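Trainee: Could you walk me through this one before I go back to the bench? I'd like to know how to read the fold.

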Amino acid sequence: MKYIKTSSRGFLLLLATVIAGTLCSCGSPAGKPGAGGIAISFDDHFIKEWYELRPLFRKYNAKATFFVTCPDSLNAEEVAMLKQLEKEGHEIGFHGTVHAKSTELMAVGGPKGYMETELEPGLHHMNAAGFKPTSYAHPGGEP
Ligand SMILES: [Zn+2]
């Protein structure tokens, strides 16, 4: 399995850019205060780096969704960090069991194979760790 390692400085820069862009360009439509906004999400398994962004989230009152992949490898420290993020209002989503390319997995096993390989085992691990994800970001999509 391959991950692109991104430093937390990279995450900070990305997040700061997104937040600054949001604050500068997203006003409420006339007569509809509070309408509009932006969804911030992160995926894969950079849990420590996500956790370290908490001061920035607090500073901008920002909430994010963290899509976790390979949840069978979550250790107790990572589960605790995710629980804290969830407690602070962030969403913990699911990002697949094996992080396979969805189009390739579907081509080989069809929908049933995809569910049995990519969805069900990981959801079981997420549930066992105390998470009930209601959103999913599929890995390896193609346009
Ligand atoms: Zn991913």
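Mentor: Let me start with a term: helices and strands here are DSSP runs, with at least four residues for a helix and at least two for a strand, numbered from the N terminus. Please also keep in mind that this is a predicted model.

Trainee: OK, so what pattern does the protein follow along the sequence?

Mentor: Read in that direction, the pattern is α-β-α-α-β-α-β-α, and the secondary structure comes to 5 helices and 3 strands.

Trainee: And what order do the strands take in the sheet?

Mentor: The sheet is an open one of 3 strands in the order E1-E2-E3, and the pairing is parallel. Strand E1 (40–44) and strand E3 are at the edges with a single partner strand each, so one side of each has no neighbour in the sheet. On average, and ignoring direction, neighbouring strands of this sheet are turned by 25° against each other.

Trainee: How many bridges are there between E1 and E2?

Mentor: E1 and E2 pair in the parallel sense over 5 bridges, and within this pairing Phe42 stands opposite Phe66 in E2.

Trainee: And on the other side of E2, how many bridges join it to E3?

Mentor: There, 4 bridges join E2, which covers residues 64–68, to E3, which covers residues 91–94, and these two strands also run parallel. Phe67 stands opposite Gly93 in E3. To get from E2 to E3 the chain passes through helix H4 (residues 76–87), and this β-α-β crossover is right-handed.

Trainee: What about H4 itself, how far does it reach?

Mentor: H4 has 12 residues and spans 16 Å from its first C-alpha to its last, which is close to the 16 Å expected at 1.5 Å a residue. Just after H4 comes Gly89, which takes a positive phi of about 100°.

Trainee: Changing topic: what share of the contacts is long in sequence, and what share of the residues is buried?

Mentor: Of the contacts between residues at least 6 apart in sequence, 72% join residues at least 24 apart. Buried residues make up 23% of the 143 residues in the protein.

Trainee: Last one, where does pLDDT stay under 50?

Mentor: That is the case over residues 1–28, for which the model has 25 contacts beyond four places in sequence. Where pLDDT is low, the predicted coordinates should not be read in detail. For the protein as a whole, the mean pLDDT is 83, and 75% of the residues reach 70 or more.

Technical notes
Residues numbered from 1 in each chain as written. Predicted model: local features only at pLDDT ≥ 70, side-chain atom pairs only at ≥ 80, totals over all residues. Pairing = 2+ DSSP bridges. Right-handed = clockwise from strand over helix to strand, strands pointing away. Axes fitted to C-alpha atoms, helices over the stretch in contact; angles between N-to-C directions. Expected span 1.5 Å × (residues − 1). pLDDT = per-residue confidence, 0-100. Contact = placed C-beta atoms within 7 Å. Buried ≥ 20, exposed ≤ 12 C-beta atoms within 10 Å, placed from the backbone.
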